[in-house]
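Colleague: I would like to go through this structure term by term. Please set each value against its definition.

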Amino acid sequence: MIHILGIRHHGPGSAKNVKDFLEAVKPDIVLVEGPPEADPLLEWVTHAELKPPVAILVYQPDDLQRSSFYPFAEFSPEWQAITYARRNKVHVRFMDLPMGHHLALENETKKVNEAPGAAGPSVNSYAWRNNEVAAATALRKDPIAYLAAAAGYDDGEKWWEHMFEHRQNREQVFDAVTEAMQVLREAFPQPEDHMEQLREAWMRKTIRQAEKELFQNIAVICGAWHAPALVSMPKPKEDNELLKGLPKVKVECTWIPWTYSRLSYYSGYGAGIGSPGWYDHIWHHPADDGTRWMAKVAKLFRTKQMDTSVAHVIEAVRLAESLASLRNLYKAGLEELNEATQTVLCNGESILMQLINDELIVSNRIGEVPQQIPKPPLQLDIEKLQKRLRLPATADFKDYTLDLRKENDLERSIFLHRLQLLDINWGEQHEVSGKGTFKELWRLQWNPELSINIIEKGNWGNTVAEAAERFVIAKAGEAGTLSTVTGLLEHTIPAELHRAVEVCIQSINNLAAASGDVIQLMEVVPGLVQVSRYGSVRKTDADLVLGIVNSMLTRIYVSLPAACTALTDEAAQKLLELFFKLNDAVNVLQQPDLTGQWQQTLQAIAAADNTSPMIAGYATRLLADFRLLEGDALVRVFHYAMSAATPPDKAAAWLEGFLKGSGTILLVDEELWSLVNNWVNILDEETFTSVLPLLRRTFSGFSSPERKKLGEKVKTGGAGAAGRPLADASLDEERARQGIPVILQLLGIKS
Amino acid sequence: MSTLLRQHAEQLYAQELEELQKQDTGKRPHNWKLTPQAVVTYLTGGKLKNGFEVSPKYIGNKRLMEIAVATLTTDRALLLYGLPGTAKSWVSEHLSAAVSGDSTMIVQGTAGTSEEAIRYGWNYARLLAEGPSEKALVETPIMRSMKEGKIARIEELTRIGADVQDTLITILSEKTLPVPELNTEVQAVKGFNVIATANNRDKGVNELSSALKRRFNTVILPVPDSIEEEIDIVKRRVESFEKIMELPAEPPALQEIRRIVTIFRELRSGVTTDGKTRIKIPSGTLSTAEAISVVNNGLAMAAYFGDGQLKAADLAAGIIGSVVKDPVQDKLVWQEYLETVVKPREDWKDIYRACRDLI
């Protein structure tokens, strides 16, 4: 006797039906839609520590981008079928087309159809491929909608739910499903899909095999769409023809934890469901009339500081019930409960409904997998470290502020940095508020796809430290540009991978020596200087870095003056930015020797005639800041640069460089101010008119409050007044004396 | 044809209600004229089994009407909330007409609404002559609907002073209205409930106390989702207006209605329909109801002062009247809209000219 049970994946109603049915007919073997390679994994299903939602991960060890997940929630009919079988010591097998064939076939079609590199690498990561990816789209969009429309529903999904999922009277429901699907398959034949045919043929083959092994009572659990194809069996020969000579690749499987949010179709999952949290609820409380759900909602609201009384809950449940009876439903569904929540608890506003959706309807649940399951060693190491450092993997995000002066926090930070180096992006580092280099803020959120990343990186080593180190070394070896390696080094130092740091530094040294491009060197140095500052908190190789910085700076000094000539405006702008950063970096280092050399370089640049004017202006300005150019010398250089013989565009560029970003400095630095101010004052009218555009151009770079203040300063005389004597020509002392008594009286001074 | 200026919903749609009642075989809540399902059909329209067509009164989300009707079957009162002109009073009138067959049990909320207007008042001549007695008591619509088991309506609930609002608490929770002067009370008969409306744009309103809020289920009526939906609403309402006012004008072309609705929607949302241009938003609400009255107004203009055909010139005054509520700021907004959005549109030249002449 063969029983075909057509189900909806992750349908709690289907799960209940399957469970009841199996308990009633007591089959001696259960066949479930799924990859046969995962058969050995089935023995774990009744393990106490395997807590759904979990997924079977099937991957191709030599090409990890090609992998598939088969998620199971507690309310998945497949899960119920498997647990039934395990609990009652009945045989249970997966019966879908083996993933090895599936992937191999896909490889072939891919080669035929696509130019290499046309598609992204992960064609099929987390599509729930066996269960109706192909069928689900067709099934959901077209045919079922016809049945639903015939029954007067506007949505196929909803119709299915009311017809089969919420059904109380379960007799013959599976026959009805098969019959309905049969009609659909006849009325709306799907375009020939070779893969679908193969899959159904393989399922039939598995069923025949079971019959051959003399099983008497066979229960088959499959997606509803496939049910008719398994009821009416063609001749075995046809199927065998079809399945002959299929290509095959090697695959491996394991259990991994899954999350409810990954189960929802919001995350792009083909056979996804809209409300895993709600399904979980009705699976555990099938008799709930909405009261328990509303109580959950109220509890959630209360934790968010929103007053919700018991009376609210009562009213909401009542409204949901009357809505259900108004719509001729025997019981309030999620929609009725949501509408009641919004109307009664939220005063009609829809804002809070998002909260309910995230926390309850989808919910943040994450599954668990027992320690003993054979896992890649890297995965084990990560789990060990997670446990030791008390950093649990959660589906919801959690923030950690780490104080690197504490031993445990430092270790956590090292661990997280290492994972990041391995591209296992569990944690995300955020800017931390406040000063000091000893604090780090991390936001951690586990995501089931990380499992595949971990397996992929397993090639590099069996522990996090080892894998990260080797991975970085390999990357540093491949890197062709200085900035890549410095970027790598910046992350490697906080990860405390000493050998990798050494390799990075070496690689930087080699690249720097080979690089003729001074700009590239200048881009890298500020980052390295930043890195060397870590030395204060972390016991790392800051000295090593400093050595490199020294040699790189020397190289820069030598070739910089030549690099500043004959530049376009844009290139000069870019170089100016680098100058700015490099100057900062030199100042941070505070090494007299390096600073001295830097100043000499600047002098050379400022003095050279063919230096790009903007750079020359900026270099002059830096020299003035270092107090190497002062007083008359500065005035002379300034006037020289701005003299009438210089073409206006050059003069403008020089001035722009000279006053770069110093609107505020101009306000407070009297010397700079009087320099510019006096220069403007001595210009005759004609020259003034001709330089006005240049000044405008420079000053337009300042922010508008700065400009306003500068204007005020000019108006009131400002510091410029100090240099300019007051008008003193015609002071009539006699007349002035006459006013004195009045002023004294006003000031309250007796004369 | 009735000579009344405006008929109540139950008068105007008497035939529909009667047909519904005939077809309606389900179980009715006590004192309801129709089953809840039939009330929803009355509001959202539909075809009855015998082919009788029920016209839709509320065009929009059917689920909202279901929530409203379901609320009335429970012992919570219904609060319809939303911007002015989103059909709150309209829905309230039709709900009570369909449920109780009577939409006249109405209290208009104002800042001056007193407790006597909600609970009961006294006929002072009688009170002085005979002392407190049943005869000297003046019943309010609320008291009467409690006695008769009908739906009472309160318009603009939030405009009523907070202390007066709270007199509703006893009525809504205990379902009784004590009359201490006579040492009696009026207990509500089954079928009694309250539909209140309130709008969330007004200033100087009195927020409901949380005790009172808890007695209401709130349904927020939104502005129409799509332009098609809004055009449909305007069209239907204008048609019924024409019929009642017996205007000798031709019905407006759909084109004309579409333009009005487009102008209103664009100014309301602050962006043109193609989503490309940002527009300043005027201070008025520019609801669907106002669009309807602009078209009605234009029809009247066309009928009596024009050639009987609705032209841009007939509409212009109405549009400006509803957009420019603040003579200084809104005028600028409107002029900007006129010059940047209306003017460049090829087939809107007539409306541009008509509006520009008026400013």
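Colleague: What share of the 359 residues in chain B is buried, and what makes a residue buried?

Modeller: Buried residues make up 43% of chain B. A residue is called buried if 20 or more other C-beta atoms, placed from the backbone, lie within 10 Å of its own; with 12 or fewer it is exposed, and in between it is partly exposed. This is a predicted model, in which local features need pLDDT of at least 70, side-chain atom pairs count only at pLDDT 80 or more, and totals for chains, interfaces and linings use all residues. Residues are numbered from 1 along each chain as its sequence is written, and chains are lettered from A and ligands numbered from 1 in the order in which they are written.

Colleague: What is the average pLDDT of chain B?

Modeller: pLDDT is the predictor's confidence in each residue, from 0 to 100. Chain B averages 88, and 100% of its residues score at least 70. Among its elements, strand 7 (residues 151-155) of chain B has the highest mean, 95, and helix 12 (residues 227-245) of chain B the lowest, 83. For the complex, the predictor gives an ipTM of 0.79 and a pTM of 0.67.

Colleague: How many helices and strands does chain B have, and what counts as one?

Modeller: There are 17 helices and 11 strands in chain B. Helices (H or I, at least four residues) and strands (E, at least two) are DSSP runs, numbered from the N terminus.

Colleague: Which strands of chain A are the edge strands of the sheet 1-6-2-5, and why are they called that?

Modeller: The sheet is open, with 4 strands in parallel pairing. Strand 1 (2-7) and strand 5 (91-94) of chain A are its edges, because each pairs on one side only; pairing requires at least two DSSP bridges between two strands. Strand 2 (residues 29-32) of chain A is joined to strand 5 of chain A by 4 bridges, so the pair meets that requirement. One bridge links Val32(A) to Phe94(A).

Colleague: How many residues does each chain give to the contact between chain A and chain B, and what is a contact here?

Modeller: Chain B gives 19 residues and chain A 14. Two residues are in contact if their C-beta atoms, placed from the backbone, lie within 7 Å. On the side of chain B that touches chain A, helix 3 (36-44), helix 4 (62-73) and strand 11 (216-221) of chain B give two or more residues. Helix 4 of chain B has the largest share, 7 residues.
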